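Let's take a walk through this protein together. Have the sequence and the 3D view ready, and follow along as we go.

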Amino acid sequence: GIDLIVETKHGRSFKGSLISADQYMNLVLKRVDKNQQKEATTATTADEQEAFDWVHIRGPTIRYIVFGANIDITGVIKAGKDRERAASDKYRRGIRKGPKK
């Protein structure tokens, strides 16, 4: 998967490896570290950290996504479009996975 950082509108930051995404920008990440800024008792903020194996993040809650500097975004988008086109063609031809009759 692609390594990225996702910040949500709730102030949480997730750093992990992208497993899947859909047209609504729902994301599934694995090997995830979560940081959340909490208001401390003093004037500064403290970071609270947790680690997860898998995380599902709903698209509407995402503020922004940070990709690594070495990612070829154009190539990733092209590969995604090609994958969608191939799946659509398979569906139109009636070739679907499922129980054989």
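Helix α1 gives the biggest share of the lining of the largest pocket, with seven residues. Keep in mind as you look that this is a predicted model. How do you spot a pocket at all? Rolling a probe the size of a water molecule over the atoms shows where empty space is left. Here, the largest pocket has a volume of about 720 Å³. Its lining is made up of 20 residues, and the ones nearest the centre are Leu18, Ala21, Val76, Gly80 and Arg83. As for the elements that each give two or more residues to that lining, they are β2, β5 (residues 62-67) and α1 (residues 73-93).

Now zoom out to the whole chain. You'll find one helix and five strands, and starting from the N terminus they come in the order β-β-β-β-β-α. Of the 101 residues in the protein chain, 21% are buried.

Let's go back to the beginning of that order. Strand β1 covers residues 3-8 and strand β2 covers residues 12-21, and the two pair in the antiparallel sense over five bridges. To see one partnership, find Glu7: its bridge partner in β2 is Ser13. Together β1 and β2 form a hairpin, with three residues between them. In that turn sits Gly11, which has a positive phi of about 85°.

While you're at β1, look for Ile5, which is found in this strand. Ile5 joins Tyr64 and Val66 in making a nonpolar surface patch of about 230 Å². Is Ile5 buried, exposed or partly exposed? With a relative accessible area of 31%, Ile5 is partly exposed. A residue needs over 30% to count towards a patch, so Ile5 meets that cut-off with its 31%.

Back to phi for a moment. Most residues other than glycine have a negative phi. Which residues here go the other way? Met25 is one of them: it isn't a glycine, yet its phi is positive, at about 70°. You'll find Met25 in the loop between β2 and β3 (residues 27-39). Met25 is partly exposed, at a relative accessible area of 36%.

Arg31 is another non-glycine with a positive phi, this time about 50°. Arg31 belongs to strand β3. Its relative accessible area is 55%, and the cut-off for exposed is over 50%, so Arg31 counts as exposed.

How values were computed:
Residues numbered from 1 in each chain as written. Predicted model: local features only at pLDDT ≥ 70, side-chain atom pairs only at ≥ 80, totals over all residues. Heavy atoms only, no water. Pairing = 2+ DSSP bridges. Helix = DSSP H or I, 4+ residues; strand = E, 2+ residues; numbered from the N terminus. Patch = residues over 30% accessible without salt bridge, like charges linked within 9 Å, V, L, I, M, F, W, Y side chains within 5 Å. Areas by Shrake-Rupley, 256 points an atom, 1.4 Å probe, with all protein chains shown as cover. Salt bridge = Lys/Arg side-chain N within 4 Å of Asp/Glu carboxyl O. Buried < 20%, exposed > 50% of the residue type's maximum accessible area, 1.4 Å probe, protein only. 1 Å grid on protein atoms, 1.4 Å probe; cavity = no way out; pocket = protein on both sides within 12 Å on 5 of 7 lines; lining within 4 Å. Points joined across faces, edges and corners; volume = space filled by probe spheres on them.
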